Amino acid sequence: MKEKSRESNFIRHWVRIKLEGFKPERIISEAIARGMTIRQIDYKDETEVCMTVAEEDFRVIKKFAKSKYKFTIIDEGGAHPVARKIKAGKMMIAGMAIFLLFFGAQTLFVREINVIGCKSITESSIRECLREEGLYEGSRKNFDCDAIERRLFKEFDNIVWAKVAYEGNYVEVKISESKQVPSDKVGKETPCNIVADQDCYIERILSYTGRSVVAKNDFVKKGDILITGTIPIEHPSYEMGKDDSPEHYVHAAGKIVARVPYYYSFYMEPTDDVKAAAGTMLREWIAENIPESAQILNKDFHFDKKKNIIRVYGTVETRQQVGKEKEIVIDKHKRGTKEDTDRG
Amino acid sequence: MKLINEFTFDFDITGPKVTASANAAIIENVLRVVLISDTSVTVDTGRFYVTVKGSRFVISEIWEGRMELEGKIEGIEFYKALGKD
């Protein structure tokens with residue numbers, strides 16, 4: 001059988017004892033003869049010696065010393081006493097478990113969100129947007145900062161810079177708004193497109209600056225680009241590098257004439273001369289809904305008679321100038337960090 | 001010292017063997033402790049008794065006949081036990 005190492009005995013459980021009695025050397029000699037290890041033998045007086053032994057050796061010593069000597073345990077240590085103390089301290093274990101639980105909760109969840117830089121946008125709308133992306137007080141910390149930043153750019157037109165960063169369970173959302181919200185009124189130098197302000201058929205298009213992207217007889221919907229201010233750059237002699245900007249921007253200008261169909265519908269009471277009354281009402285409707293400069297090409301009437309009411313509906317086709325300027329927001333969706341901005 | 005004598009000395013497990021400095025001493029082949037006090041420690045090594053004299057003695061370890069003694073060492077004495085050759 002393999003003998004236990006003396007070191008492991010001491011690591012497992014050691015005791016510091018006070019040995020009192022006549023000629024304590026006898027006990028020490030007996031222990032040596034039995035192959036025990038004794039440490040830190042400290043002589044106090046002729047009848048008193050302190051020493052450190054392994055706990056299992058101490059039990060043997062007590063046996064052969066019988067009642068002639070008095071042993072007092074002064075101190076003890078090692079793995080066994082520590083384990084015993086832990087086992088006895090159930091409340092301590094419970095406390096540690098609660099602490100670990102609390103610590104885990106503190107590190108895994110978002111405790112506070114601070115939104116910085118709100119001017120025209122309300123903080124609550126930003127928070128609502130963050131919540132939709134899974135970031136709110138009490139949420140897990142597995143949100144995607146990049147996705148949230150993209151969402152902020154997408155949701156709010158006048159955010160020009162956004163940064164979501166967290167430290168521990170504190171999240172900071174910094175935004176920077178543009179000084180003015182992109183509007184339909186565009187300065188003469190500002191890059192812009194000409195877009196359709198209503199559904200129409202293109203009849204004639206003249207572009208003074210920019211590049212027309214629709215042709216005669218094309219049907220366009222409201223918001224479609226008619227003349228673009230984004231001009232691709234194609235160098236005749238050199239190849240463009242990847243980092244080179246492949247396009248430049250101009251303030252698009254031009255004249256677009258189109259046929260615009262208007263659909264109308266209204267109700268009238270039955271009268272003797274229905275057509276005349278309907279004509280009067282249609283003229284009123286045209287005055288209210290169609291610009292004065294528009295040239296009326298066609299109009300038609302349809303009557304839908306019911307019990308006590310007549311529904312009048314039909315179309316009015318006009319020729320008129322269409323298109324409005326819309327600013328081009330350059331690099332709006334390119335993400336920039338504060339560091340990039342600082343570098344200029 | 002002749003080589004044979006050095007070998008004999010190194011492998012002698014019956015006689016006392018003491019290694020000492022000013023603050024520590026190691027005594028080998030200790031069979032039993034005869035006397036312990038604050039100023040001297042006497043041990044039986046079989047053929048001889050060895051007494052180390054000094055002050056503030058603490059035996060830091062005794063294990064398998066080897067005693068490590070710490071304290072101020074002032075002298076070492078060997079006594080031949082009566083009845084032993």
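Which element gives the most to the nonpolar patch? I looked this up first, bearing in mind that the model is predicted.

**Entry: the nonpolar patch**

I found that Val82(A), Ile86(A), Met92(A), Ile93(A) and Met96(A) form a nonpolar patch on the surface, with about 450 Å² of accessible area together. Two elements of chain A, α4 (79-88) and α5 (90-108), give two or more residues to the patch. The answer to my opening query is α5(A), which gives the most, with three residues. I then looked up Met92(A), whose place is in helix α5 of chain A. Met92(A) has a relative accessible area of 46% and is partly exposed.

**Entry: a sheet in chain A**

I next examined an open sheet of three strands in chain A, ordered β5-β7-β6, with mixed pairing. I noted that β5 (112-116) and β6 (159-167) of chain A each have a single partner strand, so one side of each is left without a neighbour in the sheet. From one strand to the next, the twist averages 15°.

I looked up the pairing of β5(A) with β7 (residues 170-177) of chain A; the two run in the parallel sense over five bridges. Within this pairing, Ile113(A) has Val171(A) in β7(A) as its bridge partner.

I also recorded the helices at this sheet. Helix α6 (residues 123-132) of chain A lies across β5, β6 and β7 of chain A and runs at about 130° to β5(A). Helix α7 (residues 145-155) of chain A packs on the sheet and touches β6 and β7 of chain A, its direction making about 155° with that of β6(A).

**Entry: salt bridges**

I searched the whole structure and found 19 salt bridges over all chains. In one of them, Glu132(A) meets Arg151(A), with the closest N and O atoms 2.3 Å apart. This pair links helix α6 of chain A, which holds Glu132(A), to helix α7 of chain A, which holds Arg151(A), the residues being 19 apart. Glu132(A) is partly exposed at 47% relative accessibility. I noted further that Glu132(A), Glu133(A), Arg151(A) and Glu155(A) are linked in a network of salt bridges.

In chain B, I looked up the salt bridge between the side chains of Arg32(B) and Asp44(B), at 3.3 Å from N to O. Arg32(B) lies in strand β3 (residues 32-36) and Asp44(B) in strand β4 (residues 40-44) of chain B. Is Asp44(B) buried or exposed? Asp44(B) is buried, with a relative accessible area of 5%, whereas Arg32(B) is partly exposed at 35%.

Key:
Residues numbered from 1 in each chain as written. Chains lettered and ligands numbered in written order. Predicted model: local features only at pLDDT ≥ 70, side-chain atom pairs only at ≥ 80, totals over all residues. Heavy atoms only, no water. Patch = residues over 30% accessible without salt bridge, like charges linked within 9 Å, V, L, I, M, F, W, Y side chains within 5 Å. Areas by Shrake-Rupley, 256 points an atom, 1.4 Å probe, with all protein chains shown as cover. Salt bridge = Lys/Arg side-chain N within 4 Å of Asp/Glu carboxyl O. Helix = DSSP H or I, 4+ residues; strand = E, 2+ residues; numbered from the N terminus. Buried < 20%, exposed > 50% of the residue type's maximum accessible area, 1.4 Å probe, protein only. Pairing = 2+ DSSP bridges. Axes fitted to C-alpha atoms, helices over the stretch in contact; angles between N-to-C directions. Contact = heavy atoms within 4.5 Å.
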